[in-house]
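Me: I would like to go through this structure step by step, asking about its contacts and having each answer reasoned out. Please look at the sequence and the coordinates first.

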Amino acid sequence: MLAIYLQMLETEEDKLTFEALYHTYREMMMGIAVPIVKSQSDAEDAVHQAFLAIIDYFHKISKMKRPDLEAYIVVIVRNKAIDVLRARKKIADFDYNDGIGDQEYPEPKTSELADKLAKLPEKYRSVLLLRFHYGFKTKELAKMYGTTQENIQKMLWRGRKMLEDELNGEEKE
């Protein structure tokens, strides 16, 4: 797979930089995707899509410093994993038992928490995942987002409240 990605890059320097990025972060990216999608093959799809997105913006990404680069990779892999879940959900919404005769097939299951998290606005979803799933501290998040720790704490509080409301089935007014 790496060879395919490398063919998409123009210069030798970009190829070497991307290859180092690939070897450094691929396992971390899989570790992020697997818990979200609950499947090795779906996680591989999400990571593949993430690497394609990284290549699309490689001229900017290759200049990022390590903490910002890691945060970017975490967010992009998480978003791609959620996209894979959404695609799976569309398939799950299809009536598998329609017109099959007497044969019954179980519907695929998705994570309720991931579905509810996917419904949150992007800024709250990202900050919640980065803080509670990946363990970033509010100080680190404030630096990543270019804001204050107090603002991050407010975003975390609002995001938790929205997620709680979603999980309890409350409608937005």
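Me: In which helix do E12 and K15 both lie, and how many residues apart are they?
Reply: The model is a predicted one, and in it E12 forms a salt bridge with K15, with 4.0 Å between the closest N and O atoms. An α-helix has 3.6 residues a turn, so residues three or four places apart point the same way. That fits this pair, whose separation is about one turn of the helix. E12 and K15 both lie in helix α2, and they are 3 residues apart.

Me: Are E12 and K15 buried, partly exposed or exposed?
Reply: Exposed requires over 50% relative accessible area and buried under 20%, with partly exposed in between. E12 has 56% relative accessibility and therefore counts as exposed. K15 has 22%, so K15 counts as partly exposed.

Me: Which residue meets R26 in a salt bridge, and what is the N to O distance?
Reply: Side chains of opposite charge can pair when their charged atoms come close. R26 is partly exposed, at 25% relative accessibility, whereas its partner is exposed, with a relative accessible area of 60%. That partner is E27, and the N to O distance is 3.6 Å.

Me: How is the ring pair of Y5 and Y22 classed?
Reply: A search of the whole structure finds 7 aromatic pairs. For Y5 and Y22 the ring centres are 6.0 Å apart and the planes stand at 55°. Planes under 30 degrees apart would count as stacked and over 60 as edge-to-face; since 55° falls under neither heading, the pair is tilted.

Me: Which helices hold Y5 and Y22, and are the two residues buried or exposed?
Reply: Y5 lies in helix α1, residues 2-7, and Y22 in helix α2, residues 12-37, so the pair ties together parts that are 17 residues apart in sequence. The relative accessibility of Y5 is 1%, while that of Y22 is 11%. Because buried means under 20%, Y5 counts as buried, and Y22 likewise counts as buried.

Me: What is the geometry of the aromatic pair F18 and F58, and how many residues apart are they?
Reply: F18 and F58 form an edge-to-face pair, with 5.8 Å from centre to centre and 70° between the planes. F18 is buried, and so is F58. F18 belongs to helix α2 and F58 to helix α4, residues 58-61, and this link between distant parts of the chain joins residues that are 40 residues apart.

Me: Which residues do ring pairs link into a cluster?
Reply: The Y5 and Y22 pair is tilted, and the F18 and F58 pair is edge-to-face. These four rings belong to a cluster that also includes F51. The residues linked by ring pairs are Y5, F18, Y22, F51 and F58.

Me: Against which helices do the buried residues of α9 pack?
Reply: Helix α9 covers residues 149-167 and reaches 27 Å from its first C-alpha to its last, close to the 27 Å expected. I152, M155, L156, G159, L163, D165 and E166 are buried in α9. The buried residues pack against α6 (112-119), α7 (122-133) and α8 (138-145).

Me: Which residue of α9 forms a salt bridge with D165?
Reply: D165 is buried, whereas its partner is partly exposed, with a relative accessible area of 35%. Both lie in helix α9, 4 residues apart, and their side chains meet at 3.1 Å, N to O. The partner is K161.

Technical notes:
Residues numbered from 1 in each chain as written. Predicted model: local features only at pLDDT ≥ 70, side-chain atom pairs only at ≥ 80, totals over all residues. Heavy atoms only, no water. Phe/Tyr/Trp six-rings, centres within 6.5 Å; stacked < 30°, edge-to-face > 60°. Buried < 20%, exposed > 50% of the residue type's maximum accessible area, 1.4 Å probe, protein only. Expected span 1.5 Å × (residues − 1). Contact = heavy atoms within 4.5 Å.
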